[in-house]
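Visitor: I am new to this structure and would like a close look at a single part of it, the loop that carries a surface tyrosine. Please start there and then lead me outward to the rest of the chain.

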Amino acid sequence: APPDSILHANVDDIWGDWTDIGDIQVDSSGMFTINFGEVGWDIYYGDNFNIHYSDEHQHDTQYSFWLPAPELGVYKWNYPGHARPGGVVVYGIYYENSGNGVATDTLIVDTLPPSTTWAGDTSGVIPSVGANGTITWHIGDVESGENNAFMVTLNVDNDIPTGTGSISENCVSISTASQGDYDSDNDDSCAEAVDVWEDDIG
């Protein structure tokens, strides 16, 4: 900052809260310190900061920066109709990063219902298939604003009991190694139970 100048600063968070600090003194070397704690602000991932300077001619300069934070979300659904013993059932998985930072080392984990096994998917990623019916996709980095969807096909066991909701709900979760994912409510999603009948899928 210009030496011996006065600055103004404000900060806002992802929930829409904000605060500002005026009369920030810049020393003769151009250095300054802003203590947002003095006004009761706890700095957190996703915060946006703006530093303002007005010169003697009232020309304003603004410098903005933020603390990157991913915001991952996942949604799982199944298509209308029913499955049959020895057939297949198809689900959709949609995921996104609506935050302002990259989600690194992103994992999508699908816990399969009993009496089903993974048959394939359209993710383009070869998943890890666990013996306990857990499928894990190592998605890698998901950039800010990025979203994608893919289909998952499961084989249905030949000896599955028929009836309403015989294939229990199918749940998926998403996670990242990056800090700051501020809304955990959309990190899990479950598709509804699926009926199983002897006739063809309909």
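Guide: Tyr-45 lies in the loop that runs between strand E2, residues 18–25, and strand E3, residues 48–54, and since this is a predicted model, everything said about that loop, and about the rest of the chain, describes a prediction. With a relative accessible area of 36%, Tyr-45 is partly exposed, because a residue counts as buried only under 20% and as exposed only over 50%. Tyr-45 also has company at the surface, where Trp-15, Tyr-44 and Tyr-45 form a nonpolar patch whose accessible area comes to about 350 Å² together.

Another residue of this loop between E2 and E3 is Ile-43. Leaving aside residues up to four places away in sequence, Ile-43 touches Phe-36, Phe-49 and Leu-67. Val-11 is 32 residues from Ile-43 along the chain, and the C-alpha atoms of the two are separated by 9.0 Å.

From the loop we can turn to the chain as a whole. The chain has 15 strands and zero helices, and its C-alpha trace spans about 80 × 30 × 25 Å along the principal axes. The radius of gyration of the chain is 25 Å, whereas a compact globule of 202 residues would have one near 17 Å. Of those 202 residues, 37% count as buried, and the accessible surface of the chain comes to about 11,000 Å², with 49% of it belonging to carbon and sulfur atoms. Among the contacts in the chain with a separation of 6 or more, 68% are accounted for by residues that lie 24 or more positions apart.

A residue of strand E10 gives a sense of distance within this chain. Ile-135 is found in strand E10, and between the C-alpha atoms of Ile-135 and Trp-41 there are 41 Å in space, the two residues being 94 apart in sequence. Ile-135 has a relative accessible area of 1%, so this residue is buried. Apart from residues up to four places away in sequence, Ile-135 touches Ile-108, Val-109, Asp-110, Leu-112, Trp-118, Pro-127, Ser-128 and Val-129.

Thr-136 also has its place in strand E10, which covers residues 134–142. Thr-136 is buried, with a relative accessible area of 15%, and its contacts, again not counting residues up to four places away in sequence, are with Leu-107, Ile-108, Val-109, Pro-127 and Ser-128.

One of the residues that Ile-135 touches, Asp-110, takes part in a salt bridge with Lys-76, in which the closest N and O atoms are 2.4 Å apart. Asp-110 lies in strand E7, residues 103–111, and Lys-76 in strand E5, residues 72–78, so the pair ties together parts that are 34 residues apart in sequence. Side chains of opposite charge can pair when their charged atoms come close. Both Asp-110 and Lys-76 are buried, and the count for the structure comes to one salt bridge.

A covalent link is found further along the chain, where the structure holds one disulfide, joining Cys-171 to Cys-190 with an S to S distance of 1.9 Å. This pair links distant parts of the chain, with Cys-171 in strand E13, residues 170–175, and Cys-190 in strand E14, residues 188–191, the two cysteines being 19 residues apart. The torsion about the S-S bond of Cys-171 and Cys-190 is about 105°, and therefore the disulfide is right-handed. Cys-171 counts as partly exposed at 23% relative accessibility, and Cys-190 counts as partly exposed at 38%.

Two details of the backbone remain to be pointed out. Asp-4, in the segment before strand E1, residues 6–12, has a phi near 60°, a positive value in a residue other than glycine. Asp-4 is exposed, with a relative accessible area of 54%. Ser-115, in the loop between E7 and strand E8, residues 116–121, likewise has a positive phi, near 70°, in a residue other than glycine. Ser-115 counts as partly exposed, at 25% relative accessibility.

Note on methods
Residues are numbered from 1 along each chain as its sequence is written. Side-chain values use heavy atoms; hydrogens and water are left out. Helices (H or I, at least four residues) and strands (E, at least two) are DSSP runs, numbered from the N terminus. The radius of gyration is taken over C-alpha atoms; the globule rule is 2.2 Å times the number of residues to the power 0.38. Buried means under 20% relative accessible area, exposed over 50%, partly exposed in between (1.4 Å probe, protein chains only). Contact means heavy atoms within 4.5 Å. Accessible areas come from the Shrake-Rupley method with a 1.4 Å probe; for residues, only the protein chains shown count as cover. Patches are made of residues with over 30% relative accessible area and no salt bridge: like charges are joined within 9 Å, nonpolar side chains (Val, Leu, Ile, Met, Phe, Trp, Tyr) within 5 Å. A salt bridge is a side-chain nitrogen of Lys or Arg within 4 Å of a carboxyl oxygen of Asp or Glu. A disulfide is a pair of cysteine sulfur atoms within 2.5 Å.
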